[in-house]
Amino acid sequence: EGELWRSFVEACGAVKTSNRAFEESAYYAGMGTTPGKGEGEPITYDDPVQGPTKRWTHRTFGLGTRVTEEAIEDTLYGIPDEGRWAMEELGSSARETVTLLVFDIVNNGTVTTNHTGGDGLSVFSTAHTQLRGGTWSNLLSPAADLSATALQTALDAFENTRDDSGKFQMIKARNILVNPSNAWKAKELLNSAYDPESPNNAINALKERNLQLISTSYYTDTDAFTLLAKPAIGGGGLIAFMRRPPKFAKDGDFGTGDALFKVTFRFSVEWNKVNNAFHSAGA
């Protein structure tokens, strides 16, 4: 699906470059509400609170293949131009790998197997910790399949979440991520003029939200859905570092006459504060 992974990351974060072995980022709690001030009295001062520091450690990935001297001579299996086919296949493998790495962060977002938020909890949790005390949730509980009621409940919960200082985040969902098995239902909910689940000709209030659908097989749960927004003030958001883009090389094996081809790249993806995503794992 081409650069699908990049479009997904940019819907809820950023793709960045790096020239280091790793990158680090922290989010912070801003100021609280503004208190009243008596005449002649000094104003109240408040300090931001820094949250946990998350590290993006760039991993190196590589794959190679060999095209025999005879295959090159005889153009067997449709391999032209001394391995152009091999290079194209290696490029396809690299794109597939990056896409799988990116979507793994949501596919396994309710466990701590491969990724966690900055607070050490799963990416999607009902008990994320606030820096000034308390908790917040970005996981629908109880989980529910995609429906008008479930989507409305998720939107309400997502957009009424408070930040680390107790202020409303003022965040709005822009995208809904689903598996293609759920895309038909999502399109009904997002595009119907009338409520597709009501026999009373009620208007479909969800249509006015103008949520943009992202449907992809790389999102593997067929009954889950995830709401995405741009990162809120104070840090956060999904960040992917392309430390080194796919680099191709070829050489010859003197002993066999075979042609050797390879691709390598360096990449990392993490989510520190996941306050711009809300997930339902499906019933």
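## Exercises on a predicted model

**Exercise 1. Check whether the length of α4 fits its number of residues, then work out how the helix sits in its surroundings.**

Start with the length. Helix α4 has 12 residues, and at 1.5 Å a residue they should span 16 Å. Its end C-alpha atoms are 16 Å apart, so the two values agree. Keep in mind that this is a predicted model.

Next, pick out the buried residues, meaning those under 20% relative accessible area. In α4 these are Ala 148, Ala 150, Leu 151, Ala 154, Leu 155, Phe 158 and Glu 159. They cover an arc of only 165° around the axis, which puts them on the same side of α4.

Now flip to the face turned away from that side: there you'll find Thr 149 and Asp 156, both exposed. Last step, the partners: the buried residues of α4 pack against β7, α5, β9 and β12.

**Exercise 2. Do the same for α5 (residues 180-191), and find what caps its N-terminal end.**

Length again: the 12 residues of α5 should span 16 Å, and the end C-alpha atoms are 16 Å apart, which agrees.

On to burial. Asn 182, Ala 183, Ala 186, Leu 189 and Leu 190 are buried in α5. Their arc around the axis is only 130°, so they lie on the same side of α5. Trp 184 and Asn 191 are exposed, on the face turned away from the buried side.

What do the buried residues pack against? For α5, it's α4 (148-159), β7 (175-178) and β8 (212-215).

For the cap, look at Asn 179: one of its side-chain oxygens lies 2.8 Å from the backbone nitrogen of Ser 181.

**Exercise 3. Find out where Asn 272 lies, whether it is buried or exposed, and what its side chain meets.**

First locate it: Asn 272 is in the loop between β11 (259-271) and β12 (277-280). Its relative accessible area is 5%, so Asn 272 is buried.

Then check the polar atoms of its side chain. One lies 3.1 Å from the backbone oxygen of Ser 25, and the backbone oxygen of Pro 52 is 3.3 Å from a polar atom of that side chain.

Finally, widen the view. Leaving aside neighbours within four places in sequence, Asn 272 is in contact with residues including Tyr 27, Lys 54, Trp 56, Gly 117 and Gly 237.

**Exercise 4. Decide where the predictor's confidence is lowest and where it is highest.**

Begin with the whole chain: the average pLDDT is 91, and 96% of the residues score at least 70. Then go element by element. Helix α2 (residues 69-74) is lowest, at a mean of 81, while strand β9 (residues 225-228) is highest, at 98.

Methods. Residues are numbered from 1 along each chain as its sequence is written. This is a predicted model: local features need pLDDT of at least 70, side-chain atom pairs count only at pLDDT 80 or more; totals for chains, interfaces and linings use all residues. Side-chain values use heavy atoms; hydrogens and water are left out. Helices (H or I, at least four residues) and strands (E, at least two) are DSSP runs, numbered from the N terminus. Buried means under 20% relative accessible area, exposed over 50%, partly exposed in between (1.4 Å probe, protein chains only). A polar contact is a pair of N or O atoms within 3.5 Å; within protein, one must be able to donate a hydrogen and the other to accept it, and residues adjacent in sequence count only if both atoms are side-chain atoms. Contact means heavy atoms within 4.5 Å. pLDDT is the predictor's confidence in each residue, from 0 to 100. The expected span of a helix is 1.5 Å times one less than its number of residues. The arc is that of the directions from the helix axis to the C-beta atoms.
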